[in-house]
Structures are given as structure tokens and as C-alpha cells.
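Reader: Hey, got a minute to walk me through this one? I'd like to start with how things pack.
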Amino acid sequence: MPRLQSAGVIAFRRREGGLEVFLVHPGGPFWQRKDDGAWSIPKGEFDEGEAPKAAACREFTEETGFTLPDQLIALTPIAQSRGKVVHPFAVEVELDADAIRSNTFELEWPPRSGSKREFPEVDRAAWFGVANAQRKILAGQRPILDELVQRMKLGR
């Protein structure tokens with residue numbers, strides 16, 4: 001069985017106070033009251049026939065409603081704890097976090113109720129300075145943030 005793969009984009013911008021990154025908070029009842037360690041880069045799974053860069057752009061658009069410029073910076077793929085490989089990309093871009101429009105998913109809620117409800121895949125987005133982003137981002141995605149910060153320090 002092939003390994004599950006996903007691709008995503010960490011958007012960033014430079015401010016007087018330093019680098020800021022754009023993260024999204026997952027929608028749905030499970031994540032509703034979680035904050036620190038719950039935010040993510042917009043990302044999702046893709047099939048073997050799709051290029052990681054194309055998948056990353058598609059997922060970003062599905063989860064935020066924004067279309068990205070073509071100048072994506074490929075970052076180092078990372079293996080998640082359950083074996084999924086994440087192909088991250090970075091892009092410098094200005095976005096209005098309050099203007100996201102996410103796709104939705106259907107879930108039986110409450111559990112075993114027989115009632116299906118629709119939830120946004122992403123319920124909000126925000127820009128975070130690096131120190132705050134380190135606290136907000138999922139632990140398995142911290143290496144993506146670390147690599148971006150290191151590359152920006154080196155000017156690459």
C-alpha cells in the first residue's frame with residue numbers, strides 16, 4: 001500500500017516586527033475548543049498522479065478561497081508520526097485572514113445521533129509572528145516553520 005501524502009503551503013509576509021506566517025484553524029466540533037497546537041498550514045492529501053506543488057495550491061484555494069502566485073518555494077518534505085509524508089511549500093504573499101472562504105465537510109453530529117451536519121474545513125485563519133506560531137502550529141508541522149525561518153535568515 002502506498003504511503004499517504006499531503007501537500008500544503010505556509011504563506012508568509014515580512015513586517016517591521018519580523019516574519020509573520022498565515023495559519024488556519026480546522027473546523028468542526030472536535031477542534032472547536034482547541035487553540036495552541038491545533039493550527040495548521042492549509043494542506044491536504046493528494047494522489048500519486050498529482051504533482052505536490054499543484055496539490056498544495058489546490059488545497060490552499062479549497063481551504064481559504066485564495067489563489068496563490070506561482071512563485072512557491074519548495075521546502076523539505078517531512079514524515080508525520082503516522083507515516084504520512086507532507087510536501088510543504090512557502091510563498092510570500094499578502095492575504096486578508098478575515099476574508100477566507102473554506103470548503104465544507106459533512107459529519108454525523110452529535111455522534112450516533114443520525115443527524116448529519118455540514119462544517120467548514122477551516123473555521124478561521126490568522127497571521128502570527130514566529131514565536132506565537134511556534135505555539136499555535138501542530139507539533140508535527142513545526143519543522144516546516146523552522147525551515148522557513150532559517151531560510152529567511154539566510155536570505156534564500
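Author: Sure. One term to settle before we talk packing: contact here means heavy atoms within 4.5 Å. And keep in mind that this is a predicted model.

Reader: Got it. So what do the buried residues of helix 1 pack against?
Author: They pack against strand 1, strand 2, strand 3 (43-45), strand 6 and strand 9.

Reader: And which residues in helix 1 are buried?
Author: Ala-55, Ala-56, Glu-59, Phe-60, Glu-63 and Thr-64. Looking down the axis of helix 1, these buried residues fall within an arc of 135°, so they line one face of the helix.

Reader: Why would that spacing put them on one face?
Author: An α-helix has 3.6 residues a turn, so residues three or four places apart point the same way.

Reader: What about the span of helix 1, expected versus modelled?
Author: With 13 residues at 1.5 Å a residue, helix 1 should span 18 Å, and its end C-alpha atoms are 18 Å apart, which agrees. Just after helix 1, Gly-65 has a positive phi of about 85°.

Reader: Glu-63 caught my eye. What's the nearest side chain of opposite charge?
Author: That's Lys-43, 7.2 Å away; Glu-63 is buried yet has no salt bridge. A salt bridge would need a side-chain nitrogen of Lys or Arg within 4 Å of a carboxyl oxygen.

Reader: What is Glu-63 in contact with, then, neighbours in sequence aside?
Author: Leaving out residues within four places in sequence, its contacts are Val-24, Pro-42, Lys-43, Arg-101, Ser-102, Asn-103, Glu-121 and Val-122.

Reader: Switching to the cores. How many residues are in the largest nonpolar one?
Author: It has 21, and those with the most contacts inside it are Val-9, Ala-11, Phe-22, Phe-60, Leu-68, Val-91 and Leu-95. Strand 1 (5-15), strand 2 (18-26), helix 1 (52-64), strand 6 (85-92) and strand 9 (122-129) each give two or more residues to this core. Apart from it lies another core, of 20 residues, including Val-21, Leu-23, Leu-148 and Met-152.

Reader: What does Phe-22 touch?
Author: Not counting residues up to four places away in sequence, Phe-22 touches, among others, Ala-11, Pro-42, Phe-60, Leu-95, Ile-100 and Trp-127.

Reader: Last topic, backbone oddities. Where's the cis peptide bond?
Author: It joins Trp-109 and Pro-110, with omega about -5°. Pro-110 is in the loop between strand 7 (104-108) and strand 8 (116-120).

Reader: And Arg-112, buried or exposed?
Author: Exposed, with a relative accessible area of 77%. Arg-112 is also in the loop between strand 7 and strand 8, and its phi is near 60°, a positive value in a residue other than glycine.

Technical notes: Residues numbered from 1 in each chain as written. Predicted model: local features only at pLDDT ≥ 70, side-chain atom pairs only at ≥ 80, totals over all residues. Heavy atoms only, no water. Core = buried A, V, L, I, M, F, W, Y, C linked by side-chain atoms within 4.5 Å. Buried < 20%, exposed > 50% of the residue type's maximum accessible area, 1.4 Å probe, protein only. Helix = DSSP H or I, 4+ residues; strand = E, 2+ residues; numbered from the N terminus. Expected span 1.5 Å × (residues − 1). Arc of directions from axis to C-beta. Lys, Arg positive; Asp, Glu negative; His and termini not counted.
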